[in-house]
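The notes below are meant for a colleague who is opening this entry for the first time. Please keep the sequence and the model side by side while reading them.

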Amino acid sequence: MIADPVLRSAGLADAGLLATLHTDCFEDSWSTGAMIEVMRSPGTFGFLVELQPMMPVALALGRIAADEAELLTIGVARAWRRAGLARRLIRAVADEARGRGARRLFLEVAEDNTAARTLYGAESFQIVGRRRAYYTRPGGSAIDALTMRRDLARGWRWLIGR
Ligand SMILES: CC(C)(COP(=O)(O)OP(=O)(O)OC[C@H]1O[C@@H](n2cnc3c(N)ncnc32)[C@H](O)[C@@H]1OP(=O)(O)O)[C@@H](O)C(=O)NCCC(=O)NCCS
């Protein structure tokens, strides 16, 4: 029987696992080498959601620099989408970033990525910038990247534990 998915911190030792899962989430995925490089860079942290040890179904990586954080990547295995896992991961990244002193969380998303944009909008991110023709699709078409930001200040909900 498969238990409820468990969210845990991920580190450099998980680079291979993260890269394998990234391949299931993205057409333009990161190799193990690229993942090791990212995980080694200062301020980087990560989370995995696993069905059981070594069976990951979702991942998110973030990075802190001074009082700002960036969501570097987030992905959920195709079979596990629309189960609330990305929402859990974004909240874990936001909590971790806040705990490390960040006041704002940034990310970049392709303008045509409806699923991710809807998710980020629902999680209080707002569009604050645009990079023209930042991504190139397999057919050659250019897509803008939108920069989104979420405030990490502790509000009244935190005070009453909600
Ligand atoms: C985007 C992605 C991470 C969402 O993961 P997920 O676990 O399916 O998302 P959740 O189940 O947590 O969804 C939370 C909310 O986001 C929105 N959402 C998620 N997927 C959506 C979709 N396909 N269409 C519309 N809204 C969507 C909904 O508001 C959803 O809430 P609801 O299910 O109660 O309606 C996932 O589709 C994915 O891995 N895509 C490929 C990788 C990618 O594009 N990553 C983001 C790069 S910027």
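Helices and strands here are DSSP runs, with at least four residues for a helix and at least two for a strand, and they are numbered from the N terminus. The model is a predicted one.

1. The shell around the ligand. I would begin with the ligand, which is surrounded by 20 residues, the closest being Ile74, Val76, Arg82, Gly84 and Asn113. Strand S4, helix H3 (85-99), strand S5 (104-110) and helix H4 (114-122) each contribute at least two residues to this shell, and H4 gives the most, with five residues. The space that the ligand takes up is the largest pocket.

2. Polar contacts of the ligand. Which distances separate oxygen atoms of the ligand from polar atoms of Arg82, Arg87 and Asn113? For Arg82 the partner is a polar backbone atom, 2.7 Å from an oxygen atom of the ligand, whereas for Arg87 it is an N or O atom of the side chain, at 2.9 Å from a ligand oxygen. Asn113 also takes part through its side chain, where a polar atom lies 2.8 Å from an oxygen atom of the ligand. Of the 910 Å² of accessible area that the ligand has on its own, the protein covers 76%.

3. Two residues with positive phi. Most residues other than glycine have a negative phi, and a reader checking the backbone may therefore wish to look at two places, the loop between S4 and H3 and the loop between H4 and strand S6 (126-136). Arg82, in the loop between S4 and H3, has a positive phi of about 60° although it is not a glycine, and with a relative accessible area of 87% this residue is exposed. Ser124, in the loop between H4 and S6, has a phi near 75°, again a positive value in a residue other than glycine, and Ser124 is exposed as well, with a relative accessible area of 52%.

4. The buried face of helix H1. Within H1 (residues 15-25), the buried residues are Ala15, Leu17, Leu18, Ala19, Leu21, His22 and Cys25. An α-helix has 3.6 residues a turn, so residues three or four places apart point the same way. The buried residues of H1 pack against strand S1 (6-10), helix H2 (32-40), strand S2 (44-50), strand S3 (56-65) and strand S4 (68-76).

5. Thr44 in strand S2. Thr44 has its place in S2 and is buried, because its relative accessible area of 13% falls under the 20% cut-off. Its side chain reaches the backbone oxygen of Val38 at 3.2 Å, and the side chain of Thr44 also makes a polar contact with that of Arg63, likewise at 3.2 Å. Leaving aside residues up to four places away in sequence, Thr44 touches Val38, Met39, Gly62, Arg63 and Leu72.

6. Glu50 in strand S2. Is Glu50, which lies in strand S2, buried or exposed? At 8% relative accessibility, Glu50 counts as buried, and its side chain makes a polar contact of 3.0 Å with the side chain of Arg8. Not counting residues up to four places away in sequence, Glu50 touches Asp4, Pro5, Val6, Arg8, Leu17, Met55 and Pro56; one of these, Leu17, is among the buried residues of H1.

Conventions
Residues are numbered from 1 along each chain as its sequence is written. This is a predicted model: local features need pLDDT of at least 70, side-chain atom pairs count only at pLDDT 80 or more; totals for chains, interfaces and linings use all residues. Side-chain values use heavy atoms; hydrogens and water are left out. Buried means under 20% relative accessible area, exposed over 50%, partly exposed in between (1.4 Å probe, protein chains only). Contact means heavy atoms within 4.5 Å. A residue is near a molecule or strand if one of its heavy atoms lies within 4 Å of it. A polar contact is a pair of N or O atoms within 3.5 Å; within protein, one must be able to donate a hydrogen and the other to accept it, and residues adjacent in sequence count only if both atoms are side-chain atoms. Accessible areas come from the Shrake-Rupley method with a 1.4 Å probe; for residues, only the protein chains shown count as cover. On a 1 Å grid over the protein atoms alone, a cavity is a set of points where a 1.4 Å probe fits but cannot get out, and a pocket is an open set with protein on both sides within 12 Å along at least five of seven lines; lining residues have an atom within 4 Å of a point. A molecule sits in a cavity or pocket if more than half of its atoms lie within 2 Å of its grid points.
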